[in-house]
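User: Please take a close look at the largest pocket. Which element gives the largest share of its lining?

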Amino acid sequence: MIKTHINDKSDLSLLCNLATQICGIRKGSLSRKGVGYKSEKYSVPRSVVSIIALKELGIHYNTISRQMNRHRTSIYHYEKKHESDYMSYPLYRETYNRIMSAHTDLRKNKKKFNGPSEMIKHLSMKGVKNSNDHGIKIHIKSEGFSVTVSSSFNDFSDNMRICNESLKDYNCKINFDV
């Protein structure tokens, strides 16, 4: 079973936008196919974004490949050649360092909760309803702790929407199980 988080796609999208901005290429061009999109100008940032998404954000190969409009084995290939490219390919190393540095700065600037009680209070103030029904559990993992919110089937969509909106400025991973 593939373990994905609700916010993996949005995290990857933000990373792609960051990379295109840093590399001076058009937004959305990392996932394009066609004449010219295999050039170094696009392939190096695409490879770097895939590696950062895989290693730093913990996003699954399939999610990355779908978002990048590439076959899953391309992501395996990027992972396999990352170390040697970083050591011997100056453009790759420079691009990786620039994107990674900007990504790290963005993550540092995100807000942090001091503990689970603060997160629960924040979510309840935003309108998340914790249910006694225990139909679906929403798991929110932050740095150093995690919180589980029980949701009824009726409230699940609203609770997920509220969690996504109210936690987008925080370093959190959101998942659920039935």
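Analyst: Helix α1 gives the largest share of the lining of the largest pocket, five residues. This is a predicted model, where local features need pLDDT of at least 70, side-chain atom pairs count only at pLDDT 80 or more, and totals for chains, interfaces and linings use all residues. Numbering starts from 1 along each chain as its sequence is written, and side-chain values use heavy atoms, without hydrogens and water.

The pocket holds about 610 Å³ of space. A pocket is an open set of points on a 1 Å grid where a 1.4 Å probe fits, with protein on both sides within 12 Å along at least five of seven lines; lining residues have an atom within 4 Å of a point. The lining has 25 residues. Closest to the centre are D11, R107, K110, Y170 and N171. Two or more residues each come from α1 (8-23), α5, β1 (136-142) and β3 (172-177). These are DSSP runs: helices (H or I) have at least four residues, strands (E) at least two. By type, the lining divides into nine nonpolar, seven polar and nine charged residues. Asp, Glu, Lys and Arg count as charged; Ala, Val, Leu, Ile, Met, Phe, Trp, Tyr, Cys and Pro as nonpolar; the others, Gly among them, as polar.

Now follow α5, one of the lining elements. The axes of α5 (residues 90-109) and α2 (residues 40-55) come within 10 Å and cross at roughly 50°. Among the residues in contact (heavy atoms within 4.5 Å) are V44 and I51 of α2 and Y92 and I99 of α5. The contact residues divide into 10 nonpolar, three polar and one charged.

Methods
Axes are lines fitted to C-alpha atoms, for helices over the stretch in contact, and angles run from 0 to 180 degrees between N-to-C directions. Grid points are joined across faces, edges and corners, and a volume is the space filled by probe spheres set on the points.
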